[in-house]
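Me: Could you take one part of this model and walk me through it closely? I'd like to see how it sits against its surroundings.

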Amino acid sequence: FSSVLASVCGPRRLLSFRTANSNEMGKHKRYKRVRKHLEYYKLNFGLKPPYKLVVDGNFIQQALKYKVHIKEQIPKLFQSVVVPCVTKCTVSKLRRAGSAYSGAAIIAKRFERIPCQHGKGVQKEEACLEALVGQSNASKLCFGAQTVSLRNTIRRVPAAPIIFIRECVPIFEPPSKATKTTLKNKLSTMGSLSSSEEKKIKAVVGEDATKTPEPFKRKKRKGPRQPNPLSCKKKKKLKLTDARKTASQPSRLKKEKGNSGTEQERASDGKGDKLRSSSTPSDAQKKDGDMTEEEGGKAEEKKETRKRRRRGKKKKKKKSSVQSNLNDAENDHNV
């Protein structure tokens, strides 16, 4: 496929096509990673949109150099509303830097101003941002720090997300070791009760409520284990549902008795059994009880219909024989 594309488009266009696809794949992965990190901060430290991004001077200068629009591209990276902010100390630093940082100073004026935490006057930019972060990032800010020393100081503070620009790509740093350790300590102390809570429980319930219950121990069975009832074969139960089977049992016994005698006795016994069975009613009929009038009428109707069918069949046979005789006579006459 690549050889066909190279022959049609040319090698340069093919190379640009490959780089464009790889950039798109990398962008999707980057956005997915940023979403994952933001959910981590949101669930564990309560960081919610709209996010306030405090930016230093070098971050703005890097964005201007590689044509990264902060107000457009960083909200796309965060996939939510982002408000870029600047302190008074960063703006003063960019003004004093000279003509090289004049464009960055103009961009910084357009951003939202955030009050400094070190008091009155102007200090160094790094000291100002360190005071703004504090020890636990209570104001829940995100930081766009391009200088390495400032990034190292912010990493020591838990729950402080950091962004920096590498060439033309804004990169969101994963959570630092300080944030992970604070979260681990927080989760370990979450289940345990405080001293005041224990006192309240003792007053209401008693001393036994605070004690940890002993683990449940199962008693060991003595002797051999019984087999699994599901794996065992079930016993077959004999069910004589039909009344005919019950009625046929006494006749079998009579036949067995007849087998012990001679052949003549067997024949006589067999004839006698047939006569008895025809004359006397069977056990099944005795069990079923006397037949009702309706059932007797139906049985008689069935017998009559059978007789009619037999008579019709006999008449048809006679007609067919007569016709065949007539046909033979005609044939002889013609001859």
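**Helix α5 and the sheet around it**

Reply: Let's start with helix α5, residues 88-96, where C89, T90, V91, S92 and L94 are buried. Keep in mind that this is a predicted model. The buried residues of α5 pack against a mix of elements: strands β1, β2 and β3, plus helices α3, α6 (102-110) and α7 (125-133). Just past the end of α5 comes G98, with a positive phi of about 110 degrees.

Now for the sheet that those strands belong to. It's an open one with six strands, ordered β3-β2-β1-β4-β5-β6, and the pairing is mixed. At the edges sit β3 (112-113) and β6 (169-172), each pairing on one side only. Helix α3 (residues 57-65), one of the partners of α5, also packs on this sheet, touching β1 (51-55), β2 (82-86), β4 (142-144) and β5. The direction of α3 makes about 35 degrees with that of β5.

Over at the β6 edge, β5 (residues 162-166) and β6 run antiparallel to each other, paired over four bridges. Within that pair, I163 stands opposite F172 of β6.

Follow the chain on from β6 and you get to S176, in the loop that leads to α9 (177-188). S176 counts as buried because its relative accessibility is 15%, and the cut-off for buried is under 20%. Leaving out residues up to four places away in sequence, S176 touches Y41, R155 and V157. With R155 there's a polar side to it: a polar atom of the S176 side chain lies 3.1 Å from the backbone oxygen of R155.

Note on methods: Residues numbered from 1 in each chain as written. Predicted model: local features only at pLDDT ≥ 70, side-chain atom pairs only at ≥ 80, totals over all residues. Heavy atoms only, no water. Pairing = 2+ DSSP bridges. Helix = DSSP H or I, 4+ residues; strand = E, 2+ residues; numbered from the N terminus. Contact = heavy atoms within 4.5 Å. Axes fitted to C-alpha atoms, helices over the stretch in contact; angles between N-to-C directions. Buried < 20%, exposed > 50% of the residue type's maximum accessible area, 1.4 Å probe, protein only. Polar contact = N/O pair within 3.5 Å; in protein donor to acceptor, adjacent residues only side chain to side chain.
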